[in-house]
Amino acid sequence: MARSYDLVLFGATGFTGGLTAEYLAAHAPAGVRWALAGRDAAKLAAVRDRLGRNDVGLLRADATDAASLREVAEATRVVASTVGPYVRYGEPLVAACAAAGTHYTDLTGEPRFVDEMYLRHHDTATRTGARIVHACGFDSIPADLGAYFTVKQLPEGVPLRVEAFLRANGRPSAGTVHSLVGAVADAAPARRAHRERRRREGTAPGRRIRAGGPLPRTHPLRAWPVPMPTLDPQIVARSAAALDRYGPDFRYGQYFALPSLLAAAGVVAGAGALAAAVQLEPLRERIPSRWTSGSGPSEEQREQGWLSLRCTGVGGGQGVLTEVYSDRDPGYTTTAIVLGEATLCLALDDLPDTAGQVTTAAAMGDRLIDRLDSAGLTFRVLARRTGVRD
Ligand SMILES: NC(=O)c1ccc[n+]([C@@H]2O[C@H](COP(=O)([O-])OP(=O)(O)OC[C@H]3O[C@@H](n4cnc5c(N)ncnc54)[C@H](OP(=O)(O)O)[C@@H]3O)[C@@H](O)[C@H]2O)c1
């Protein structure tokens, strides 16, 4: 189908969108036709001026105006959206992309949004050929591709167990705080959407896939593991359901690897306090109101950032220890790189034949790992063992 653009970035006037626009300006190959979309023409023009790229198009679109989003979706082959919180703003664009057969990437870490988009738009996207790929940032690319990379080091056709341990240093942006508070406050509708999705989606025939678990069986680091109740394990489980390579019985667990018992207790207590606070209406409003849209960690703060996700994989008598690593801030600098590369990958690469709501591993797998490895998120094997008991 003839389209004016290869890709459009929706949300470039925000903090993470601005970093993603800078990444694309520096790394999109010559000849790629791309545009910035947003609701404020003057702000969009200012971003384009900052990039010094007159060849980049500008499109007016508002997340609350379905017709404007339809025009964006019909003008391009891929849309990347950094307009969140996604539960509040995201659905009309997903609907427009699914209807237009346009591939889509975003940065959501909100499980409710992903499940509701599956329930409402997966069938349409499957029919039109659109790949709807959520969570193309710090959530959930390191985990999804880290697990995929680890699985590929192990024998085929046997039960596999992967456990992932995250260490990271970074600070949040305003958009992240707003989305986090919304996601924690949204627990009940999120559970309902998840139950409905499980009922509709069913299980992978003849295979067993489990994600979660209170404690790991392996301990590759001197650290205190705390289970991560984020979107990541659900995304990894969906990749396992989509790809036979994860074997007949796949089990995944993901943990923060914290340096001390005190730090572990602090994280658990902090998460509990946030969950309790956002149940109270005044606090739910007050906590995020101190964070202004467009703000986030400074360049100096981002320079201190890094992330390491170590995965142990066991199966068929073999064991492997892998690492996904970035020496840059995880939430924003690394996120802009991985969102930019995932979007370029969908726009330009020869990919497996998938459609509908799909994960990064199922939609882009090896091609995206190659791209990220060259761009600064590295994937490597640290150790292998044989004669390991499953
Ligand atoms: N999971 C991850 O790894 C990860 C990492 C980073 C960010 N994120 C997520 O990404 C999202 C953005 O974060 P951020 O810090 O970049 O937020 P931000 O700075 O507040 O940016 C929000 C963007 O949304 C736009 N927007 C808001 N309402 C709109 C509307 N009605 N129509 C069109 N555009 C609208 C804003 O445009 P204006 O400039 O016109 O206001 C701005 O461009 C958040 O949901 C955050 O959680 C996730």
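# Salt bridges, two domains and three loop residues

D244 and R207 form a salt bridge, and their closest N and O atoms lie 3.7 Å apart. D244 sits in the loop between helix 10 (232-242) and strand 10 (249-258), while R207 sits in the loop between helix 9 and strand 8 (208-211), so this pair ties together parts that are 37 residues apart in sequence. The structure shown above is a predicted model.

The two partners of this bridge can be compared by how much of each can be reached from outside. Is D244 buried or exposed? D244 has a relative accessible area of 61%. Because the cut-off for exposed is over 50%, D244 counts as exposed. R207 has a relative accessibility of 16%. Because buried means under 20%, R207 counts as buried. The bridge therefore joins an exposed residue, D244, to a buried one, R207.

Side chains of opposite charge can pair when their charged atoms come close. A further example is the salt bridge in which the side chains of R380 and E323 meet, at 2.8 Å from N to O. R380 belongs to strand 14 (residues 378-386) and E323 to strand 12 (residues 318-326), so the pair ties together parts that are 57 residues apart in sequence. R380 is partly exposed, with 42% relative accessibility, whereas E323 is buried, at 3%.

How many salt bridges does the rule count? The count comes to 24. One of them pairs D186, in the loop between helix 8 and helix 9 (187-201), with R112, in helix 6, so parts that are 74 residues apart in sequence are tied together. The side chains of D186 and R112 meet at 2.9 Å, N to O. Both D186 and R112 are buried. This pair also belongs to a network of salt bridges that links E91, R112, E116, R120 and D186.

The next step is to look at how the protein is divided. Domain 1 takes in residues 5-137 and 335-368, and domain 2 takes in residues 141-329 and 377-386. Each domain is thus made of two stretches of the chain. The C-alpha centres of the two domains lie 23 Å apart.

Where the domains meet, 29 residues of domain 1 are in contact with 34 residues of domain 2. The size of an interface is often given as the accessible area lost when the parts come together. Between domain 1 and domain 2 the buried area is about 2,700 Å², and carbon and sulfur atoms give 64% of this area. The rule finds four salt bridges across this interface. There are also 12 residue pairs in polar contact between the domains, counting pairs with both residues at pLDDT 80 or more.

Which elements give two or more residues to the side of domain 1 that touches domain 2? They are helix 1 (15-27), helix 6 (111-128), helix 14 (330-348), helix 15 (360-363) and helix 16 (365-375). Helix 6 gives the most to this side, with eight residues. Sorted by class, this side of domain 1 has 16 nonpolar, seven polar and six charged residues.

Single residues in loops fill in the picture. D349 and A355 are found in the loop between helix 14 and strand 13 (356-357). D349 is buried, with a relative accessible area of 17%. The side chain of D349 makes a polar contact of 2.8 Å with that of R371. Apart from neighbours within four places in sequence, D349 is in contact with L344, R367 and R371.

A355 has a relative accessible area of 24% and is partly exposed. Although A355 and R127 are 228 residues apart along the chain, their C-alpha atoms are separated by 7.9 Å. Leaving aside neighbours within four places in sequence, the residues in contact with A355 are H122, A125, T126, G129, A130 and R131.

The last residue is S173, in the loop between strand 7 (160-169) and helix 8 (174-185). S173 is buried, with 2% relative accessibility. Which residues does S173 touch, not counting those up to four places away in sequence? S173 touches F15, W291, S295, G296, P297 and Y332.

Methods:
Residues are numbered from 1 along each chain as its sequence is written. This is a predicted model: local features need pLDDT of at least 70, side-chain atom pairs count only at pLDDT 80 or more; totals for chains, interfaces and linings use all residues. Side-chain values use heavy atoms; hydrogens and water are left out. Domain bounds come from an automatic or database domain assignment. Contact means heavy atoms within 4.5 Å. Buried area is the accessible area (1.4 Å probe) that two parts lose on being put together, summed over both. A polar contact is a pair of N or O atoms within 3.5 Å; within protein, one must be able to donate a hydrogen and the other to accept it, and residues adjacent in sequence count only if both atoms are side-chain atoms. Helices (H or I, at least four residues) and strands (E, at least two) are DSSP runs, numbered from the N terminus. Ala, Val, Leu, Ile, Met, Phe, Trp, Tyr, Cys and Pro count as nonpolar, Asp, Glu, Lys and Arg as charged, and the others, Gly among them, as polar. Buried means under 20% relative accessible area, exposed over 50%, partly exposed in between (1.4 Å probe, protein chains only).
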